[in-house]
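Biologist: Hello! Could you walk me through the pockets and charge pairs of this protein?
Modeller: Gladly, let us look at it together.

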Amino acid sequence: MTTFDLQTNAAGQLTGLSAANDTAHMNWAQNDRTTVWGTVTSKQSLTAAVERHVQGDQLVETYTLTNNTPFDIYSQETDIGIALPLPDTYLADERALNQRCNVHLWCGGSASYIMALRMDGSGPNLGAVLRQGSLQGYSINRDLAQASNERGDFILHPEDLHLHPGERYTLQLVWFWFADRGDFQARLRKFPGFLTVQAPQYTLFPGETVPVTIQGQGIDLAAVTLTVDGSPVSGAVQDDRLVYELPGDLAVCAHRLRVQAGGQTTWADFYQQPGFAELVKRRVHFIVDHQQCHDAASALNGAYLVYDNETHRQYYEHVNDLDAGRERVGIGVLLAYYLQTHEDAVVARSLEQYLHFVRIQLLDETTGEVFNDAPRNNDTHRLYNFPWVADLFLQVYHWRHEAADLDRAVQIMRAYFKEGGD
């Protein structure tokens with residue numbers, strides 16, 4: 001049995017959380033920030049008390065929020081937060097493999113869980129289920145200077161509360177060690193009263209039906225109520241599970257399957273897409289109609305840019321991933337793929353304009369060097385850009401079968417390897 005090894009500071013706050021038999025001695029309660037595990041913040045100044053104790057191979061954490069004011073307190077969305085500085089960060093050396101983790105959170109009402117997987121895939125890994133209370137979501141407090149190397153502190157947000165003066169609300173998390181994803185799912189199903197809702201996919205295309213499985217230890221499956229977008233539906237009890245088949249004729253939009261059993265409520269969200277061919281066609285024509293720059297006075301002329309669907313305008317900034325190079329090249333790759341199987345003069349004309357932009361502003365056709373942004377700018381010399389542009393010309397070759405495009409792709413990859421690509 002793997003149990004918990006805890007360390008606390010003089011104030012009784014948790015500073016260390018590890019598995020007793022972990023030879024790597026990974027501390028799951030501390031990332032590269034200074035946040036203290038279990039710190040509770042409240043916009044309405046609720047009083048918070050935190051208790052924790054090890055019970056066999058489980059760690060039980062109880063957070064009690066009390067309204068000690070003479071006024072009613074209403075909270076909403078992110079007003080209340082519980083900080084968990086799980087070490088979901090990337091180090092520049094091999095310590096990242098057994099000292100850091102990837103965190104997966106499902107804040108699904110009373111059936112919420114946390115699954116933290118060590119980066120090298122080895123166990124023991126750390127998981128938690130919510131045994132009391134309800135979570136509506138989480139946010140992340142990040143150090144943006146670390147970019148994607150740090151996920152930051154995870155902040156859990158309870159359901160919206162209404163507490164009378166003197167009234168209390170309790171959230172309880174039960175932490176446990178597990179071996180892998182399969183073991184984690186098996187343990188979820190064994191927690192008394194915990195609802196699990198699973199489906200093989202959550203995105204549907206027209207005509208597809210999806211079986212949804214509801215399980216829970218000690219739950220009367222015959223008494224479970226199901227609704228889709230607020231309308232009652234029925235499932236069938238099969239052994240230890242309730243199965244409901246989501247129909248294939250739903251409207252093209254998001255749909256929520258809500259599950260209730262006793263005092264427990266959770267849900268699963270699905271999205272009905274248009275058919276794949278129609279979806280790609282819409283996307284390609286949106287790009288042509290909205291994302292291509294037509295400004296002869298600009299170095300960006302012909303480029304595909306970021307488009308803001310709220311302000312309905314193109315956007316550009318000479319910073320990573322908002323510029324006219326880098327991942328934007330993937331837009332051109334998509335159009336080249338599309339034209340390989342579709343006759344479309346409008347899209348073809350747009351791609352020709354984009355290729356002119358790439359050859360002038362993002363590529364040195366003499367050396368094969370790929371620039372980070374227009375106009376031929378290499379403030380950041382990023383080898384990752386080379387295969388993007390090589391693939392662009394490779395797919396263009398498959399579209400229009402001009403040898404010069406294949407030559408460009410080869411030349412770019414030779415430059416990539418010459419400059420240290422691996």
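Modeller: Let us begin with a term: a salt bridge is a side-chain nitrogen of Lys or Arg within 4 Å of a carboxyl oxygen of Asp or Glu. Please keep in mind that this is a predicted model.

Biologist: Thanks! How far apart are the closest N and O atoms of aspartate 240 and arginine 241?
Modeller: Aspartate 240 is partly exposed, with 43% relative accessible area, and arginine 241 is partly exposed too, at 32%. The two form a salt bridge, and their closest N and O atoms are apart by 3.2 Å.

Biologist: Which residue meets arginine 187 in a salt bridge?
Modeller: Arginine 187 is partly exposed, because its relative accessibility of 29% falls between the limits of 20% and 50%. Its partner lies four residues apart from it in helix 2, about one turn of the helix. The N to O distance in this salt bridge is 3.1 Å, and the partner is aspartate 183.

Biologist: Are aspartate 405 and arginine 408 buried or exposed?
Modeller: Both lie in helix 7, three residues apart. They form a salt bridge with the closest N and O atoms 2.8 Å apart, and they also belong to a network of salt bridges with Glu352, Arg359, Glu365, Arg400 and Glu402. As for their accessibility, both residues are buried.

Biologist: How many salt bridges does a search of the whole structure find?
Modeller: Side chains of opposite charge can pair when their charged atoms come close. Over the whole structure, the search gives a total of 18.

Biologist: Which element supplies the largest share of the lining of the largest pocket?
Modeller: That pocket holds about 310 Å³ of space. Among its 15 lining residues, those closest to the centre are Trp106, Tyr113, Val197, Gln198 and Tyr202. Helix 2, strand 15 and strand 23 each supply at least two lining residues. The largest share is four residues, and it comes from strand 23.

Biologist: What is the volume of the largest cavity?
Modeller: Its lining includes Leu105, Trp106, Tyr113 and Leu173, and strand 8 and strand 9 each give two or more residues to it. The lining divides into nine nonpolar residues, one polar and no charged. The volume comes to about 40 Å³.

Biologist: Which residues form a nonpolar patch on the surface?
Modeller: One of them, valine 410, sits in helix 7 and is partly exposed at 38% relative accessibility. Together the patch residues have about 190 Å² of accessible area, and they are Leu394, Leu406 and Val410.

Terms used:
Residues numbered from 1 in each chain as written. Predicted model: local features only at pLDDT ≥ 70, side-chain atom pairs only at ≥ 80, totals over all residues. Heavy atoms only, no water. Patch = residues over 30% accessible without salt bridge, like charges linked within 9 Å, V, L, I, M, F, W, Y side chains within 5 Å. Areas by Shrake-Rupley, 256 points an atom, 1.4 Å probe, with all protein chains shown as cover. Buried < 20%, exposed > 50% of the residue type's maximum accessible area, 1.4 Å probe, protein only. 1 Å grid on protein atoms, 1.4 Å probe; cavity = no way out; pocket = protein on both sides within 12 Å on 5 of 7 lines; lining within 4 Å. Points joined across faces, edges and corners; volume = space filled by probe spheres on them. Nonpolar A, V, L, I, M, F, W, Y, C, P; charged D, E, K, R; others polar.
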